[in-house]
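The following exercises concern one protein chain with a ligand. Please work through each task with the structure at hand before reading its solution.

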Amino acid sequence: MSEMEIRRAVKERYSKIAVTAGSPDCGEAGCCGSHPISLGGSVPAEALAADAGCGSPLAMVAPREGSVVLDLGSGGGVDVFRASAMVGPDGRVLGVDATPEMVWRARETRARYGDRYANAEFRLGEIEHLPIGSESVDYVISNCVLNLVPDKLAAFREAFRVLKEGGTFAVADVTLHDVIPDAARRDMDSWSACIAGALLDVEYEEKLRAAGFEDVEIEHVSDSNIGEYPFRYHSSHIRARKPSSGHPRAR
Ligand SMILES: C[S@@+](CC[C@H](N)C(=O)[O-])C[C@H]1O[C@@H](n2cnc3c(N)ncnc32)[C@H](O)[C@@H]1O
């Protein structure tokens, strides 16, 4: 199973969701679960229909008015639209996603609401090569995406690069309770459904620290079993901080 095969399987699944979400054709194409914490707020129905998150990054941080938020793997835009109201007209929210159909869907939704989400923008790109300037972002958020990325250290290094000194990383993601067998790891459906690419908590923390982050905290929001396998995974909330010195303590 190569990185290329993983990326293709992930894009196939999420382009299908982007095109069919909200229609009877969606079936069970989705998703990684549903938000265990509902934040309410004014999120467009078109974005909610494509919601494929597994937690609520914006339950972990409340971005200040005027701040800049970056959502990694923004999908249909549910957390971007939510953050848009929080940062207000002087702030900015950027969503980056690698699946063109997701970016098109999110941009269409934004356009449908006129100026209401004028501070939100969606860019096509990979998390491992972010189309975002260095030290330009106050908060990096993400919802059920990093487990899908084959090179997680590259993703964490990019998140570190774009954050300003003292910036916050607040991510909802799947983490594994048990080491899963190779057969389960190689199951492409399971990868694109957010399970097979997930890390153990200890691996997650190790990679975040290797990228330079500090104050890493992982909280389990809910537990589930992996299909027919006798293994468990968590829907987790993960927080970390870029040191104020700005110098990564990378190992
Ligand atoms: C499970 S969905 C979550 C979408 C959104 N965060 C939400 O909560 O609804 C995963 C999203 O991550 C995107 N994605 C996966 N791997 C990516 C990568 N390497 N770079 C950028 N986006 C990626 C997919 O295209 C998809 O839209």
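Four exercises with worked solutions follow.

This is a predicted model, in which local features need pLDDT of at least 70 and side-chain atom pairs count only at pLDDT 80 or more, while totals for chains, interfaces and linings use all residues. Residues are numbered from 1 along each chain as its sequence is written.

**Exercise 1. The chain as a whole**

Determine how many helices and strands the protein chain has, and what percentage of its residues count as buried.

Solution. Begin with the secondary structure: helices (H or I, at least four residues) and strands (E, at least two) are DSSP runs, numbered from the N terminus. The protein chain has nine helices and eight strands. Next, apply the burial criterion: a residue is buried if 20 or more other C-beta atoms lie within 10 Å of its own, exposed if 12 or fewer, and partly exposed in between, with C-beta atoms placed from the backbone. Of the 251 residues, 47% count as buried. Finally, consider contacts, meaning pairs whose C-beta atoms, placed from the backbone, lie within 7 Å. Among contacts between residues at least 6 apart in sequence, 72% join residues at least 24 apart.

**Exercise 2. Helix α5**

Establish which residues of α5 are buried and which are exposed.

Solution. First check the length. Helix α5 comprises the 13 residues 100–112, and at 1.5 Å a residue it should span 18 Å; the expected span is 1.5 Å times one less than the number of residues. The end C-alpha atoms are 18 Å apart, in agreement with that value. Second, list the buried positions: Met 102, Val 103, Arg 105, Ala 106, Thr 109 and Arg 110. These buried residues lie on the same side of α5, because they cover an arc of only 160° around the axis, the arc being that of the directions from the helix axis to the C-beta atoms. An α-helix has 3.6 residues a turn, so residues three or four places apart point the same way. Third, turn to the other side of α5, where Pro 100, Ala 111 and Arg 112 are exposed. Fourth, identify the cover over the buried residues, which includes α1, α2 (45–49), α4, β2 and β3 (120–124). After the helix comes Gly 114, with a positive phi near 60°.

**Exercise 3. The largest nonpolar core**

Find which residues have the most contacts inside the largest nonpolar core.

Solution. A nonpolar core is a set of buried Ala, Val, Leu, Ile, Met, Phe, Trp, Tyr and Cys residues joined through C-beta atoms within 7 Å. The largest such core has 69 residues, and Leu 70, Val 140 and Ala 159 have the most contacts inside it. Strand β5 (residues 163–176) gives the most to this core, with seven residues. Now follow one hub: setting aside residues up to four places away in sequence, Leu 70 touches Leu 94, Val 96, Ile 132, Val 137, Val 140 and Val 162.

**Exercise 4. Positive phi outside glycine**

Decide whether Glu 135 and Cys 194 are buried or partly exposed.

Solution. Take Glu 135, in the loop between β3 and β4 (137–143). Its phi is positive, about 50°, although Glu 135 is not a glycine. Glu 135 is partly exposed, since 13 other C-beta atoms lie within 10 Å. Then take Cys 194, in the loop between α8 (188–192) and β6 (199–200). Cys 194 also has a positive phi, near 80°. With 25 C-beta neighbours inside 10 Å, Cys 194 counts as buried.

Key. Two residues are in contact if their C-beta atoms, placed from the backbone, lie within 7 Å.
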